[in-house]
Number of protein chains: 2
Amino acid sequence: MKNKAITSRDEDFGKWYVDVIRAAKLADYSNVKGCIVFEPNGYALWEKIQSILDKKFKDLGHQNVYMPVLIPESLMKKEGELIEGFAPEGAWITEGGSEQLDERLMFRPTSETLFSDYFASKVKSYKDLPLLYNQWCNVIRWEKETKPFLRTREFLWQEGHTVHATAEEAMAETDRMLEVYRDFFENYLAIPVITGKKTEKEKFAGAEYTCTCEALMYNGVSLQSATSHYFGQKFADAYGIKFLNKENKFESAYQTSWGCTTRMIGGLIMVHSDDNGLVLPPRIAPRQVVIVPIGKDEKIEKMAFEINDKLKQSGITSFVDNSERSPGFKFAEHEVNGIPVRVELGQRDLDEGKICLARRDTRERIFISKDSDIVSEIKNLFEIIQKNLFESAKARNAQKTYRAYNMQEVVEQIKKQPGFVHAMWCGDEACEIKMKEQGGIKSRCILENGEHFSDKCVVCGRKAKHLVVWGIQY
Amino acid sequence: MKNKAITSRDEDFGKWYVDVIRAAKLADYSNVKGCIVFEPNGYALWEKIQSILDKKFKDLGHQNVYMPVLIPESLMKKEGELIEGFAPEGAWITEGGSEQLDERLMFRPTSETLFSDYFASKVKSYKDLPLLYNQWCNVIRWEKETKPFLRTREFLWQEGHTVHATAEEAMAETDRMLEVYRDFFENYLAIPVITGKKTEKEKFAGAEYTCTCEALMYNGVSLQSATSHYFGQKFADAYGIKFLNKENKFESAYQTSWGCTTRMIGGLIMVHSDDNGLVLPPRIAPRQVVIVPIGKDEKIEKMAFEINDKLKQSGITSFVDNSERSPGFKFAEHEVNGIPVRVELGQRDLDEGKICLARRDTRERIFISKDSDIVSEIKNLFEIIQKNLFESAKARNAQKTYRAYNMQEVVEQIKKQPGFVHAMWCGDEACEIKMKEQGGIKSRCILENGEHFSDKCVVCGRKAKHLVVWGIQY
């Protein structure tokens, strides 16, 4: 009963991934190189992600704003590391209104420059602080190799930008937002993540330090899924964000930024989906339940719509599929689309006093009494599915997490079966570069609380400072 | 008691407008020429507008999607009228990833090209139709003269794009969406609009015809506030959107598009606000009620939060201002920000068994019994305010609506006191051009059902065909 439009996941993971996207109508290629079209099913997922995160941000006191999409080159250049980091991926507007522009404008790759420029004009005193802003927008990074959702030239994201009166407060904000992301990944997307600091080499251009959520895909490749940066006073110094502190002295402010993107949709697919298409955790599924009346029977159809009303009233997003297609065709389509629960209403089952609930994750069919409280049955099933998806991913990650004591072990393990390789590191960038030369193995993050199981750097053998997770990445 | 930060509206309307925007913290100028920063209060208005319209669109069966922001020049050029109309305002990306691009990419000024290109690959049969799509995004039009919200180089909007199997169905969609806008303007924004077709000269580049909602600002200047276009088969022919119709023959599809933008926020300000700042209809206000406990009294503060909880539970967005500032300062701030209703809790009033409700629109203070059902009192007051704002604007529009029988009358009236001038027109573009040469007077739209009160063209005196509304515009 495998979906024929979809390549087997274990046979060709890359092809499987694209097949799922196409079959579930999440996105399509466009005639704009490196950019995709977000189709209704894909954009609905993004809207669902937005609605959950936006509420979390607002509950913590963040306000949404919108900055211009174009950044004058001179403004971009005020902070040296940022422009150095982003210039190679820049998209430049050089002509406007039929004229050559005096100054090139960069399509925003990220908006620290504009936020900092704005903050400089607004922040006068410690009484104005903190400012906690966020924006939802599009950005461009001129990637050479692209992959739908995971890496596209234009993508959609949110970028939070905050200013604080003290370093402690800004660092606490960096931690707080990392925790918001971790919670979101684990409790909504059902994707287990590891969190920690990036190394100096891998941190965001212009940050003092970067914290990250790293997830492992089905095939053992890592995905940097969200980041939270502490800037210290770097941007404040460059853009002149000065305030009168409580001691009545001028001081540069302390900043953070944090973001996550539409690549999360790629992560969702690569963690949970299978050879029959998309699999979605109920808490993130835009459509949670489909009700399929089997056969043409007025009474059964009526029952379908009654159940639909009940589910909707309780906040479940459900719909009835009473179209003129065969049940088998409908079942396959709703499976491909990742609807978490299918309610089948068949005459024979009903005669026996039963209703069938089909789970998308395990493809099991469960029978409940037609007189039972279907809303609580389904809500209960949602919890079970949500948990199962998370626990399955967690168990898989555990299988793909290894320890290594020398570089050869790391390389062999990644070759054999990629995943998260724990290994000790001396802190020297030269060792990171050496590791990267081995088939692109990169540090994912530094684990603060992990067991330092060796005192030697996995690369050079000198004294180790940090426990680092290594892997290959999208 | 006039707000000193705000120029008088009757003295200098242009300066008043910018003063209100700054005082209410809706937007700020940016260091990107022609672009503004949407500050929290301004962006919250846009979010409120989005949430209402988005629900209306979805209830009618539209789905949200997202197309790339960059359009290759060759793709843009496939439909001749569109590129001709938009090229002079184009912003072009010519460099990406440190390299000169082989082909210029236009920052989308509108997305008919990409939608049509996409539809061409999806639509095979009449069974695939209609497709009803919408997207929320940013666009750029390289304007020379800009004004916050009303005309900026980058702005935010929604653009709906639909494909249909018949001309009738597509025309019905054009009408249906115009009606959605009219309803939204009148019943949510409390802005009375006139609707009708644009003349050939003023229609959207590439459309068969364009329908418009036109609003009149406080100073009698018109604002084109939303448009709905019927494309017939123009884009379908140019981009190859062909489908097998019911007769099993290939046919080009029929399309529409419709949009409205962040300029609506400018319209809201220019219709309702006054010398004390922003005035917002309750149905569109992001924050509807502020509760101000007067003096430091624990019991009164407790009462404030109890009322706040009650209001919130009933779906009203309210907040308590118990900050350390004087009541006068708070009142002025919440007035500038356009909070529709202020609840004042003062000891003296409470001792007399009263609570004061202050209306922002009329600045009246109403006393209700402290034992009355405050939720229904406030909901009732919302309706009164909403109606008052709409009726006031309507009455003002009536005063600024005139009839003219010859061009001199039109010109003199517009000079004396601008507004909507009704006058008959022969249908000849030459007459429109002559009118425009008189201080930029433009046709706003053709009124289908108005009384043809003269049979002579207001410009040339030849036989009149249409009743046209004329005016000057933002």
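In this predicted model, β5(A) runs up against strand β5 (residues 91-96) of chain B, and the two pair in the antiparallel sense over 5 bridges. Look across that pairing from W92(A) and the residue standing opposite is E95(B), in β5(B).

Zooming out from the strands to the whole contact between the two chains, 40 residues of chain A are in contact with 40 residues of chain B. On the chain A side, the elements that put in two or more residues are β2 (36-38), α2 (40-59), β3 (63-64), β4 (70-72), β5 (91-96), α5 (112-122) and β8 (154-164). It is β5(A) that gives the most to this side, with 6 residues. As for chemistry, the side of chain A that touches chain B breaks down into 24 nonpolar, 9 polar and 7 charged residues.

Over in chain B, C431(B) is worth a closer look. This cysteine sits in helix α14 (residues 429-436) of chain B. C431(B) counts as buried because 20 C-beta neighbours fall inside 10 Å, and the cut-off for that label is 20 or more. Setting aside residues up to four places away in sequence, C431(B) touches W425(B), C426(B), C457(B), V459(B) and C460(B). Three of the names in that set, C426(B), C457(B) and C460(B), are cysteines too. As for K442(B), it lies 11 residues from C431(B) along the chain, and the C-alpha atoms of the two are separated by 11 Å.

Note on methods:
Residues are numbered from 1 along each chain as its sequence is written. Chains are lettered from A and ligands numbered from 1 in the order in which they are written. This is a predicted model: local features need pLDDT of at least 70, side-chain atom pairs count only at pLDDT 80 or more; totals for chains, interfaces and linings use all residues. Two residues are in contact if their C-beta atoms, placed from the backbone, lie within 7 Å. Helices (H or I, at least four residues) and strands (E, at least two) are DSSP runs, numbered from the N terminus. Ala, Val, Leu, Ile, Met, Phe, Trp, Tyr, Cys and Pro count as nonpolar, Asp, Glu, Lys and Arg as charged, and the others, Gly among them, as polar. Two strands pair if DSSP finds at least two bridges between them. A residue is buried if 20 or more other C-beta atoms lie within 10 Å of its own, exposed if 12 or fewer, and partly exposed in between; C-beta atoms are placed from the backbone.
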